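Got the viewer open? Let's take a walk through this fold, one selection at a time.

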Amino acid sequence: MSLNRSEKEAVISDVTGLAAKAQTLVMAEYRGITVADMTKLRATARSNGVTLSVLKNTLARRAVAGSGFEVVSDLMTGPLIYSFSEDAVAAARVVADFAKTNVKLVIRGGAYGGKALDMNGVTQLASIPSKEVLLAQLLGLMQSPISRTARVLAAIAEKRGAGVTDAPAEAAAEAVAA
């Protein structure tokens with residue numbers, strides 16, 4: 001079914017808005033995928049904050065013109081599904097994970113940070129841990145020296161406390177009670 005001019009302009013403006021907010025674009029060829037599998041992919045994408053769109057390639061080229069995703073406009077041929085995400089790795093992770101279980105979904109390429117990615121680049125991007133995991137790892141590294149110091153001080157206090165009688169502790173407890 002053909003779109004009229006105003007519908008095409010609406011599609012272009014919607015995709016331009018997506019591209020303006022997104023950090024990552026991943027394109028994959030979906031030829032031969034069943035409707036049930038495509039529905040699963042869309043549900044997974046939606047839950048991860050990824051927007052999937054099946055677009056006419058000419059409209060997609062016009063929508064990304066002037067953005068950081070223009071570098072992949074030459075790859076926009078054939079039946080493609082376009083995945084946009086504000087999270088840097090979400091689109092790559094959703095598409096790459098689905099491609100592992102469904103061989104008919106072929107990753108064509110993508111773009112991140114104004115640079116074109118090939119299939120291997122998309123899979124490498126997908127293997128990066130999420131922002132929350134990276135922050136947790138950083139926090140763990142920052143807390144490690146402090147917790148080690150606290151354990152050493154606790155061990156020293158325990159060692160010193162074992163050699164001393166409990167008389168001073170009892171006297172301190174009586175003073176607090178009084």
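Before the first click, one term: two strands count as paired if DSSP finds at least two bridges between them. With that in hand, select strand 2 (residues 50–54) and strand 3: five bridges join them, and they run antiparallel. Keep in mind as you look around that this is a predicted model.

**The whole sheet**

Now zoom out. What is the order of the strands in the open sheet? Going across, you'll read 2-3-1-4-5, five strands with antiparallel pairing. The edges are strand 2 and strand 5, each of which pairs on one side only. On average, neighbouring strands here are turned by 20° against each other, direction ignored. If you're wondering what holds such an arrangement together, strands of a sheet pair through backbone hydrogen bonds, either parallel or antiparallel.

**Strand 3, residue by residue**

Select residues 80–85, which make up strand 3. Are they buried or exposed? Six of the six residues are buried, so to speak of this strand as mostly covered is fair, given that buried means under 20% relative accessible area. Colour Leu80, Tyr82 and Phe84 in one shade, as they point one way from the strand. Give Ile81, Ser83 and Ser85 another shade, since they point the other way. For a cross-strand partner, find serine 83 and look over to leucine 52, which stands opposite.

**Strand 1 and its two partners**

Next, pick strand 1, residues 24–29. On one side, six bridges join strand 1 to strand 3 in an antiparallel run. Strand 1 also pairs with strand 4 (residues 106–112), again antiparallel and over six bridges. Threonine 24 is a nice place to see both pairings: its bridge partner in strand 3 is serine 85, and its bridge partner in strand 4 is tyrosine 112. Then click leucine 25, where you'll find alanine 111 of strand 4 standing opposite.

**The hairpin**

Follow the chain along strand 4 into strand 5 (residues 115–117); these two pair in the antiparallel sense over three bridges. One of the partnerships to show is glycine 110 with leucine 117 in strand 5. Strands 4 and 5 form a hairpin with two residues between them. Stop at glycine 113 in the turn, which has a positive phi of about 65°.

Then select helix 5, residues 119–126. Helix 5 lies across strand 1, strand 4 and strand 5, and runs at about 70° to strand 4.

**A pair of rings**

How many aromatic pairs does a search of the whole structure find? One. Show the side chains of phenylalanine 69 and phenylalanine 84: their ring centres are 5.9 Å apart and their planes sit at 70°, so the pair is edge-to-face. The two residues come from distant parts of the chain, 15 residues apart, with phenylalanine 69 in the loop between helix 3 (57–64) and strand 3, and phenylalanine 84 in strand 3. Phenylalanine 69 is buried at 4% relative accessible area, and phenylalanine 84 is buried too, at 2%.

**Last stop: alanine 91**

Finally, go to helix 4 (residues 90–101) and click alanine 91. With 0% relative accessibility, alanine 91 counts as buried. Which residues is alanine 91 in contact with, leaving aside its neighbours within four places in sequence? They are Thr24, Val26, Val50, Ser83, Phe84 and Ser85. To finish, draw a distance from its C-alpha atom to that of leucine 25: the two are separated by 6.9 Å, though they lie 66 residues apart along the chain.

Technical notes. Residues numbered from 1 in each chain as written. Predicted model: local features only at pLDDT ≥ 70, side-chain atom pairs only at ≥ 80, totals over all residues. Heavy atoms only, no water. Helix = DSSP H or I, 4+ residues; strand = E, 2+ residues; numbered from the N terminus. Buried < 20%, exposed > 50% of the residue type's maximum accessible area, 1.4 Å probe, protein only. Phe/Tyr/Trp six-rings, centres within 6.5 Å; stacked < 30°, edge-to-face > 60°. Axes fitted to C-alpha atoms, helices over the stretch in contact; angles between N-to-C directions. Contact = heavy atoms within 4.5 Å.
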